[in-house]
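Student: Please pick a single part of this model and take me through it closely. I would like the terms spelled out as you go.

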Amino acid sequence: MPVTTFTLIQNNLPVMLWGAGMTVLVSGIAIILGMPLGLVLCFGVSSSNRWVSRISRVYQSVWRGTPILVQLLIIYYLLPLIGINVPPILAAIIALTLNTIAFQAEIFRGGLQAIPPGQMEAARMVGIRIWAARRTILVPQIFRLVIPSLVNETISILKNSSLVSVIAVTELMRVSQQIVATTYRPFEIYIAAAVIYIVINLVLSLAGRTAERRLAHGT
Amino acid sequence: MAQFLDLWVQYAPLMLAGLVTTAWICALATVLGIAVGLVLACLDGIAFEPLRWAIRAYVEIMRGLPILILLFVLYYGGPSVGLRLSAGTVGVFGLGFYGAAYFAEIFRSGFQSIPKGQIEAARMAGLTGSQIIRHIKLPQMLVLITPPMVNQIIILIKESAVLSIITVAELTKNTTQFVNETYAVIQPYVAAAVLYWLLVEAVAQLGKLVERRVRF
């Protein structure tokens with residue numbers, strides 16, 4: 001007798017939630033690592049030094065212009081070739097981070113442009129070093145401006161993290177595939193996974209809206 | 001060095017065939033996505049609450065889902081509810097209906113940018129709803145929505161790499177075949193990256209052309 005949908009989901013939910021935890025972990029680490037690095041790249045792109053800005057732009061263009069799946073495969077298969085053996089999960093985090101840096105830099109650049117350049121000039125005039133001025137004057141303002149876009153990027157990375165199942169990281173997608181392989185019930189399992197993804201993203205966008213309101217009060 | 005380049009010559013037909021499939025699928029999906037997106041955005045303008053709720057739910061669900069899971073539900077889950085589609089068809093429909101949610105949002109923001117007064121004036125002059133959309137809303141919003149539309153098409157092209165996982169013989173799939181047959185890694189992926197980049201760049205340039213055209 002085939003298992004009912006309810007029992008099927010009930011039996012497999014714990015494993016799927018464990019997978020969802022992995023999904024959140026991998027994309028969370030990528031997003032958080034991507035923030036400082038994205039900021040550095042953002043200042044690189046808007047640098048007055050021609051070479052710094054040119055190299056930063058090439059990096060951005062390459063990572064924004066190729067499919068994330070291809071990037072993931074390149075990192076996973078290329079690193080061992082040059083003698084660096086990394087476990088799949090680390091390769092996944094590296095790929096997602098390198099990808100999100102390019103997108104976050106673009107988001108931060110938008111925020112940076114909204115800040116009057118006079119502030120930086122004034123800070124430099126009173127003798128604050130450039131990186132200190134960026135850190136203490138620009139960064140807090142940029143963050144407040146770009147929260148909505150940053151939440152979008154987080155959701156986008158969370159969705160893209162389903163691709164790391166291809167290199168055998170046991171996150172939600174991979175776990176679902178494994179369950180399907182043993183139960184032969186693709187429809188219910190994949191719908192269940194879809195629901196979990198949507199719930200996580202809903203929570204994220206709600207959290208984003210709350211953060212936006214909180215920070216708006218601070219102004 | 002010669003051997004290094006030989007692989008490219010040898011596998012050029014396979015890679016180019018993949019590029020053509022990718023371009024073809026993306027073109028169909030874009031047309032489908034824009035058509036469905038436009039219909040959704042127009043229906044959203046009708047003041048009938050349940051319909052608007054359904055459209056919002058559709059958009060939110062599609063935007064909250066990884067495209068991979070949508071493709072898996074359609075391709076692997078479909079047969080168990082009597083829906084048997086080829087991988088390529090799933091690709092076009094999956095990408096198309098996924099993109100439709102994003103296109104609908106772009107159209108919606110475009111519609112909202114048209115001042116209410118113009119619509120009221122048009123209605124007073126006796127234009128029907130579809131005439132208003134065709135002659136008043138669309139021409140004006142094209143200027144505004146062309147850049148995000150091009151952006152979205154580029155995103156669709158990059159998302160289409162995922163179709164390789166459900167065995168569509170597009171660029172990424174053929175790249176992995178190239179890897180598996182030759183044990184080379186650098187040549188296949190560099191070729192794939194360059195070909196994707198060329199396709200994306202072509203679309204971006206085309207977008208700039210359209211942008212100049214629609215500007216008044």
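Tutor: The expected span of a helix is 1.5 Å times one less than its number of residues, and a helix here is a DSSP run of H or I with at least four residues, numbered from the N terminus. This is a predicted model, in which local features need pLDDT (the predictor's confidence in each residue, from 0 to 100) of at least 70, side-chain atom pairs count only at 80 or more, and totals for chains, interfaces and linings use all residues. Residues are numbered from 1 along each chain as its sequence is written, with chains lettered from A and ligands numbered from 1 in the order in which they are written.

The part chosen is helix α1 of chain A, residues 5-45. A straight helix of its 41 residues would reach 60 Å, but the end C-alpha atoms of α1(A) are only 52 Å apart. α1(A) has a kink of about 50° at Leu13(A), shortly before Pro14(A); the bend is the angle between axes fitted to the seven residues ending there and the seven starting there.

α1(A) packs against α2(A), residues 50-65, with the axes 7 Å apart and at about 125°. The two helices are therefore oblique to each other. From α1(A), Leu41(A), Gly44(A) and Val45(A) meet residues of α2(A) that include Val52(A), Ser53(A), Arg57(A) and Tyr59(A), where contact means C-beta atoms, placed from the backbone, within 7 Å. This contact has four nonpolar, four polar and one charged residues.

For the complex, the predictor gives an ipTM of 0.83 and a pTM of 0.85.

How values were computed. Axes are lines fitted to C-alpha atoms, for helices over the stretch in contact, and angles run from 0 to 180 degrees between N-to-C directions. Angles under 35 degrees count as roughly parallel, over 145 as roughly antiparallel, 65 to 115 as roughly perpendicular and the rest as oblique. Two residues are in contact if their C-beta atoms, placed from the backbone, lie within 7 Å. Ala, Val, Leu, Ile, Met, Phe, Trp, Tyr, Cys and Pro count as nonpolar, Asp, Glu, Lys and Arg as charged, and the others, Gly among them, as polar.
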